[in-house]
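Got your viewer open and a cursor ready? Let's take a walk through this one, stop by stop.

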Amino acid sequence: LAYIDQMDAKQVTDATEEKEQQQDPNIGSVQISLDFEIDSDGQDELKNAGFYINDKGICLSTQHNARPPLFSTFEEFEEFGALMEKYIFHLLRNHYQLIGVSLPSLDVNQNKNTAIAKKKQSKSKQKKKTV
């Protein structure tokens, strides 16, 4: 970490890109243009984890203000993915005014257990009404 702390943001970004390309020549940056401006609203969890999305839609490290280095473990990658998913859903709800709808599981056992729990809850409510 001391080595990275001494590097400037461009060096960190260049080093990260070089390492990515050595691992897989098909990995690179995705160039997109956004139809809206990104603000810091909804980025609290990302920032707490050391990331933020800039006004161009690029994810950067809060520590180096550059693209974050590669993740050292799959768990770190999954945690980052979960944070990004939350932020994307935040944008979908707040910028595009989309509404989240929960769909039933395709897992028959889970649906059966949910139905049983709802029946028990309904019976419990009916008992309370008759008392």
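Here is a short tour that goes from the whole chain to a few single residues.

**Stop 1: the whole chain.** Keep in mind that you are looking at a predicted model. Start with a cartoon view and colour by secondary structure: you should find five helices and two strands in the protein chain. Follow the chain along its sequence and the pattern reads α-α-α-β-β-α-α. Now switch on a surface. The accessible surface of the protein chain is about 10,800 Å², and carbon and sulfur atoms account for 53% of that. As for what is tucked away, 21% of the 131 residues count as buried. One more overall number before zooming in: take the contacts between residues at least 6 apart in sequence, and 48% of them join residues at least 24 apart.

**Stop 2: the core.** Hide the surface and select Phe36, Ile38, Leu46, Phe51, Ile53, Cys59, Phe80, Leu83, Met84, Tyr87 and Leu91 as sticks. These eleven residues form the largest nonpolar core. Which elements give two or more residues to this core? Colour strand 1 (51-53) and helix 4, and you have them. Helix 4 supplies the largest share, with five residues.

Stay here and click on Leu83, a member of that core. Setting aside neighbours within four places in sequence, Leu83 is in contact with Glu45, Leu46 and Ala49. Leu46 is itself part of the core.

**Stop 3: the loop after strand 2.** Next, select Thr62, which sits in the loop between strand 2 (59-61) and helix 4. Is Thr62 buried, partly exposed or exposed? Its relative accessible area is 43%, so Thr62 is partly exposed. Show what is around Thr62: leaving out residues up to four places away in sequence, this residue touches Lys47, Gly50, Phe51 and Tyr52. Phe51 is one you have already met in the core. Then try a distance label from Thr62 to Asn48, C-alpha to C-alpha: it should read 9.2 Å, for two residues 14 apart in sequence.

**Stop 4: a nonpolar patch outside.** Bring the surface back and select Ile99, Val101 and Leu103. Together they make a nonpolar surface patch of about 400 Å². Zoom in on Leu103, in the loop between helix 4 (74-94) and helix 5 (108-130). Why does Leu103 count as exposed? Because its relative accessibility is 71%, and the cut-off for exposed is over 50%.

Conventions: Residues are numbered from 1 along each chain as its sequence is written. This is a predicted model: local features need pLDDT of at least 70, side-chain atom pairs count only at pLDDT 80 or more; totals for chains, interfaces and linings use all residues. Side-chain values use heavy atoms; hydrogens and water are left out. Helices (H or I, at least four residues) and strands (E, at least two) are DSSP runs, numbered from the N terminus. Buried means under 20% relative accessible area, exposed over 50%, partly exposed in between (1.4 Å probe, protein chains only). Contact means heavy atoms within 4.5 Å. Accessible areas come from the Shrake-Rupley method with a 1.4 Å probe; for residues, only the protein chains shown count as cover. Patches are made of residues with over 30% relative accessible area and no salt bridge: like charges are joined within 9 Å, nonpolar side chains (Val, Leu, Ile, Met, Phe, Trp, Tyr) within 5 Å. A salt bridge is a side-chain nitrogen of Lys or Arg within 4 Å of a carboxyl oxygen of Asp or Glu. A nonpolar core is a set of buried Ala, Val, Leu, Ile, Met, Phe, Trp, Tyr and Cys residues joined through side-chain atoms within 4.5 Å.
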